[in-house]
Amino acid sequence: MCRCLGKCYLLLVFYGAVTFPISKTNFSLAGGWALCALFAEMANGSISLSSMIQESVGLIWKWTNATNARQEKTRMPPNTSKSLGPCPDPPPGLKGPFNVDFDYKRTLDEVRKNIERTVSRHRGVSTYCTSLDSVAIIIAFRNRHEHLKHWLYYLHPILERQQLDYGVYIINQDGEGVFNRAKLMNVGFVEALKEYDYDCFVFSDIDLVPMDDRNLYRCFQNPRHLSVAIDKFNFQLPYGANFGGVISLSKSQFLKINGFSNTFWGWGGEDDDIYQRVIFHGMSISRPDLVKGKYKMIKHVRDLHNEQNPVNAGKLRHTKSTMNKDGINSLKYTVKEIVKDILYTWITVDIQAPLTT
Ligand SMILES: [Mn+2]
């Protein structure tokens, strides 16, 4: 045994050099030692050369197979979607039109329990295929918890059926100053991009729920107006240039127009302003038809600190001259709190709101 120890080391080094690049595990080391022991036995005359070769080949075969099995397990985890094929277009599991009912007294906990997310995070990813878009859904929020429950209850299953890789961002305005929907949307765009490389953004009112899942929460060749047929307006577009409620813009479309204006405090005007930004940048508005684009709006009274601002309508005359310096590139705010729930990312933000307009 002692005589052959030097040869053993030589054999170990040789065996390791040959097998390590293949197996990249300790098996090559263990195999080396086992061969070493066999070699020692042979030197002592208790084992023949041919049976040693036989044993060695058997051992190498066994370890290589064991190693491959281990690698296969780790190579194919169920949820890393990048290796899966692209999701079919249109998504195969859509239901078409359905009933929407806001009367039911549901609680947020109930909604949370009902919605079985395929991943245990706040972001939804299709388990079966690679989503065609990664979509951030941005909602400007203040004191509308009642509406939020309904929105989450209906939208999560719809977005899952649409096979989107999506995240929901509730941008909650801190304090009692005048509300600014558009500025909160800009904050949502910036904050969502800090969390994930989204390529599409849906900006939605919290009180609008689609009545047809064929209305895809995705991005298109042109900025898209999704909420075209709301029950409140008898399922008709209230006016041709309407671009309020629910809209989608790709990251590059949104950056091209410098996002929303930050200066529309109180109710009204910010949606017409972003419509003009789109048109002035040479794009047009895409829309679903009035059947697929049906929405139900939750009835509510005007919020406190969000009165109609008469100044806003006049500001629309200046969109063309102000849009390239008022928007994403001039956005200032302070994040006060971020809460990650399985249903959404909640961001409370100070947007330096005036107390009156
Ligand atoms: Mn409303």
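Two strands count as paired if DSSP finds at least two bridges between them. Strands themselves are DSSP runs of E with at least two residues, helices are runs of H or I with at least four, and both are numbered from the N terminus. The model here is a predicted one, in which local features need pLDDT of at least 70, side-chain atom pairs count only at pLDDT 80 or more, and totals for chains, interfaces and linings use all residues. Residue numbers start from 1 along each chain as its sequence is written.

On to the sheet. Its 7 strands are laid out in the order 5-7-3-1-2-10-9, making an open sheet with mixed pairing. Strand 5 (224-225) and strand 9 (334-340) sit at the edges, each pairing on one side only. Strand 1 (residues 134-141) runs parallel to strand 2 (residues 165-173), and 8 bridges join the two. Within this pair, isoleucine 139 stands opposite isoleucine 170 of strand 2.

Then there is helix 5 (residues 145-161). Its 17 residues should span 24 Å at 1.5 Å a residue (taken times one less than the number of residues), and the end C-alpha atoms are 25 Å apart, which agrees. The helix does kink, by about 25° at leucine 155, shortly before proline 157; the bend is the angle between axes fitted to the seven residues ending at a residue and the seven starting there.

Helix 5 is also mostly covered, with 12 of its 17 residues buried (20 or more other C-beta atoms within 10 Å of a residue's own, with C-beta atoms placed from the backbone). Among them are Trp151, Tyr153 and Leu155. After helix 5 comes glutamine 163, with a positive phi near 55°.
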